[in-house]
There are 2 protein chains.
Amino acid sequence: MLISTRGRYALRILIDMAEHHGSGYIKLKDIAERQEISEKYLESIVKELVKRHIVYGVRGKGGGYRLSVEPDQINVGEVLRFMEGGLAPVACLEEGSAPCPKAPYCRTLEFWRGLDEVIPRYTDSFTVADLMATPNAGNDYII
Amino acid sequence: MLISTRGRYALRILIDMAEHHGSGYIKLKDIAERQEISEKYLESIVKELVKRHIVYGVRGKGGGYRLSVEPDQINVGEVLRFMEGGLAPVACLEEGSAPCPKAPYCRTLEFWRGLDEVIPRYTDSFTVADLMATPNAGNDYII
DNA sequence: TTATAACCTATTATAACAGTATGTTTATCT
DNA sequence: AGATAAACATACTGTTATAATAGGTTATAA
């Protein structure tokens with residue numbers, strides 16, 4: 001599995017925040033209820049989004065989270081990459097991994113490199129705003 | 001990680017077999033030595049290739065394995081898919097998984113579907129013969 | 001000063017991955 | 001016929017990542 005729940009949930013959190021902006025700060029508890037994800041688990045995901053300055057949080061009563069960037073400025077590929085710690089399809093292309101000694105004569109390396117280009121080319125062509133506008137079969141979601 | 005060692009090694013085995021065809025049957029022991037992969041682990045991978053009729057094996061002394069199909073007829077995407085049990089980038093698109101109840105109003109589903117198309121479009125455009133012909137930086141591999 | 005909500009640290013259950021270990025069957029060679 | 005060599009089969013195991021939980025601390029508003 002290329003993308004785990006961390007990447008998937010991060011996108012859902014960002015879309016949820018974008019859809020509920022304007023009315024002050026958004027509580028994790030509310031996101032958790034709407035998205036049917038454990039609040040505690042969301043915390044660990046939002047923590048990363050805060051660290052990356054995509055979201056900012058205010059403590060205490062009346063506090064919560066807000067996007068610190070417009071949805072059309074949040075790149076989906078970038079979010080997935082830092083949530084997942086990279087999107088390399090194979091271990092030998094993970095950044096920080098030791099260079100493979102077989103690389104000079106490897107018959108598969110170029111194939112993997114190509115796949116490793118194709119994925120970000122796709123993911124990076126989306127912003128959170130694009131996801132919000134995604135057409136759905138039965139778009140009857142009550143906001 | 002989208003692709004585990006099983007998929008990676010399977011391709012290396014197939015390329016190795018293609019490069020050493022003609023001289024009778026190829027012993028797993030030899031492949032294991034050339035590829036520096038444990039023979040026992042290779043067994044479990046080749047087993048799948050035999051099951052899929054891409055490779056066939058002959059027991060006993062002088063036995064070994066051979067490709068049962070020409071390298072240009074072996075699709076890389078297909079090999080990866082059955083070795084990995086699918087290449088879906090997210091759990092909700094795995095075949096055999098329960099349909100997601102959120103699908104009708106999911107803002108990310110179409111995005112994932114798109115990624116799930118992009119990956120096979122790339123992988124399926126390669127055959128084992130293509131991999132063999134892949135240009136390398138320092139192609140000094142001794143066959 | 002109490003309620004609330006973000007923030008922080010540690011722990012845990014499960015499953016997949018990557019590989020081992022041991023043995024059985026089938027074929028060839030002497 | 002017997003030794004050897006290879007595929008084939010089944011079961012087990014250590015390690016790691018995932019997907020959370022649990023329990024607490026700090027900051028803010030009413």
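Q: Which atom of DNA strand D lies 2.6 Å from a polar side-chain atom of Tyr65(B)?

A: In this predicted model, the partner of the polar side-chain atom of Tyr65(B) is a phosphate oxygen of DNA strand D. A pair of N or O atoms is read as a polar contact when the two lie within 3.5 Å. Two further pairs can be read in this way. Arg59(A) places a polar side-chain atom 3.1 Å from a sugar or linking oxygen of the strand, and an N or O atom in the side chain of Lys40(B) is 3.3 Å from a base nitrogen. The elements that each give two or more residues to the surface near DNA strand D are α1 (5-19) and α3 (39-51) of chain A, with α3 (39-51), β1 (55-58) and β2 (64-67) of chain B.

Q: Which element supplies the largest share of the surface near DNA strand D?

A: That share, four residues, belongs to α3(B). In total, 23 residues surround the strand, and the closest are Thr5(A), Lys40(A), Lys27(B), Leu28(B) and Tyr65(B).

Q: How should the composition of this surface be read, and how many nonpolar, polar and charged residues does it have?

A: Each side of the interface is described separately. On the protein side there are nine charged, seven polar and seven nonpolar residues. On the nucleic acid side, sugar or phosphate accounts for 73% of the strand D atoms within 4 Å of the protein, and bases account for the rest.

Q: What is the order of helices and strands along chain A?

A: The pattern is α-α-α-β-β-α-α-α, with six helices and two strands in the chain. The C-alpha trace of chain A spans about 60 × 35 × 25 Å along its principal axes. Of its 143 residues, 46% are buried. Sequence separation is a further descriptor: among contacts between residues at least 6 apart in chain A, 67% join residues at least 24 apart. The chain exposes about 7500 Å², with 51% supplied by carbon and sulfur atoms.

Q: How does the reach of helix α5 of chain B relate to the expected value, and what do its buried residues pack against?

A: A helix span is read from its first C-alpha to its last. For α5(B), residues 109-123, this is 22 Å over 15 residues, close to the 21 Å expected at 1.5 Å a residue. Its buried residues include Phe111(B), Trp112(B), Leu115(B), Val118(B), Ile119(B) and Tyr122(B). The buried residues of α5(B) pack against α1, α4 (76-84), α5 (109-123) and α6 (128-133) of chain A, and also against α4 (76-84) of chain B.

Q: Is Thr108(B), in the loop between α4 and α5, buried or exposed?

A: Relative accessible area decides the class, with buried meaning under 20%. Thr108(B) has a value of 4% and is therefore buried. Beyond residues up to four places away in sequence, Thr108(B) touches Leu11(A), Ile15(A) and Leu131(A). Thr108(A), in the loop between α4 and α5 of chain A, counts as buried at 5%. With sequence neighbours within four places left aside, Thr108(A) is in contact with Leu11(B), Ile15(B) and Leu131(B).

Q: What backbone feature marks His53(A)?

A: His53(A) has a positive phi of about 60° although it is not a glycine. This residue lies in the loop between α3 and β1 of chain A. Because its relative accessible area is 62%, His53(A) is classed as exposed. For His53(B), phi is also positive, at about 60°. His53(B) sits in the loop between α3 and β1 of chain B and is exposed at 61%.

How values were computed
Residues are numbered from 1 along each chain as its sequence is written. Chains are lettered from A and ligands numbered from 1 in the order in which they are written. This is a predicted model: local features need pLDDT of at least 70, side-chain atom pairs count only at pLDDT 80 or more; totals for chains, interfaces and linings use all residues. Side-chain values use heavy atoms; hydrogens and water are left out. A residue is near a molecule or strand if one of its heavy atoms lies within 4 Å of it. A polar contact is a pair of N or O atoms within 3.5 Å; within protein, one must be able to donate a hydrogen and the other to accept it, and residues adjacent in sequence count only if both atoms are side-chain atoms. Ala, Val, Leu, Ile, Met, Phe, Trp, Tyr, Cys and Pro count as nonpolar, Asp, Glu, Lys and Arg as charged, and the others, Gly among them, as polar. The expected span of a helix is 1.5 Å times one less than its number of residues. Buried means under 20% relative accessible area, exposed over 50%, partly exposed in between (1.4 Å probe, protein chains only). Contact means heavy atoms within 4.5 Å. Accessible areas come from the Shrake-Rupley method with a 1.4 Å probe; for residues, only the protein chains shown count as cover.
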